[in-house]
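Thanks, everyone. I would like to walk you through one model today, beginning with its interior and then moving outwards to the overall form.

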Amino acid sequence: MLDAKFWATTGIDIVACYRRHIFDPGGGGKGAKDINGVPYKKYSQEYGSTKKTGKMFRQASAFKDSTAPVLSSDLARDFKIFKSHSTGFGFGAVAQKGKVKQLAKMGRVIYTDQKPLPDKCNKLLMKELDKDVKGAFKKIRKKIRRKKINIKV
């Protein structure tokens, strides 16, 4: 129940949910939303028009028509599970912390200490936690029911 194996398998699903919500790689960033579930605001006129050309250095062309915080897709690819143990898991972009902080200053918040997961991913995590705990209690109840209790009077 809630061991390192659970966190390792569930962590992969939670990180995938996070990537889909924050960056939307499957849709080229068109459905991407910030940590609060709000679509990203438009870029400045100059940067937006330059990004739409798709010719910026190392630019991921799939994201050229989106407002997702993706240019080279390094940040999106770097978000992965990096630590799994018996009390939880860690994920993020260790090498890209500066980008995360800069995005927050620009109003493109992809993470906060108060809210590390979007609501959609948080619900998925709670569902998986609930399923694991209920399964463990079910096993415990079966063991208890099978034991015979002899009471001598």
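The largest nonpolar core in this predicted model has 29 residues, and those with the most contacts inside that core are Tyr 18, Phe 23, Leu 75, Phe 79, Phe 91, Ile 110 and Leu 117. Two or more residues each are given to this core by α1 (4-22), α3 (74-78), β2 (88-92), α4 (97-105) and α5 (119-146), and the largest share, seven residues, comes from α1. As background, nonpolar side chains in soluble globular proteins tend to be buried together.

Let me stay for a moment with Phe 91, which, if we leave aside its neighbours within four places in sequence, is in contact with Val 15, Tyr 18, Phe 79, Lys 80, Ile 81, Phe 82, Pro 116 and Leu 117.

Stepping back to the fold, the protein has five helices and two strands, which follow the pattern α-α-α-β-β-α-α along the sequence. Of contacts between residues at least 6 apart in sequence, 62% join residues at least 24 apart.

What about the overall dimensions? The radius of gyration is 21 Å, where a compact globule of 153 residues would have one near 15 Å, and the C-alpha trace spans about 90 × 25 × 25 Å along its principal axes.

Turning to the surface, 35% of the 153 residues count as buried, while the protein exposes about 10500 Å², of which carbon and sulfur atoms supply 56%. Finally, there are 36 positive and 13 negative charges, and their mean positions are 6 Å apart.

Conventions:
Residues numbered from 1 in each chain as written. Predicted model: local features only at pLDDT ≥ 70, side-chain atom pairs only at ≥ 80, totals over all residues. Heavy atoms only, no water. Helix = DSSP H or I, 4+ residues; strand = E, 2+ residues; numbered from the N terminus. Rg over C-alpha atoms; globule rule 2.2 N^0.38 Å. Buried < 20%, exposed > 50% of the residue type's maximum accessible area, 1.4 Å probe, protein only. Contact = heavy atoms within 4.5 Å. Areas by Shrake-Rupley, 256 points an atom, 1.4 Å probe, with all protein chains shown as cover. Lys, Arg positive; Asp, Glu negative; His and termini not counted. Charge placed at Lys NZ, Arg CZ, Asp CG, Glu CD. Core = buried A, V, L, I, M, F, W, Y, C linked by side-chain atoms within 4.5 Å.
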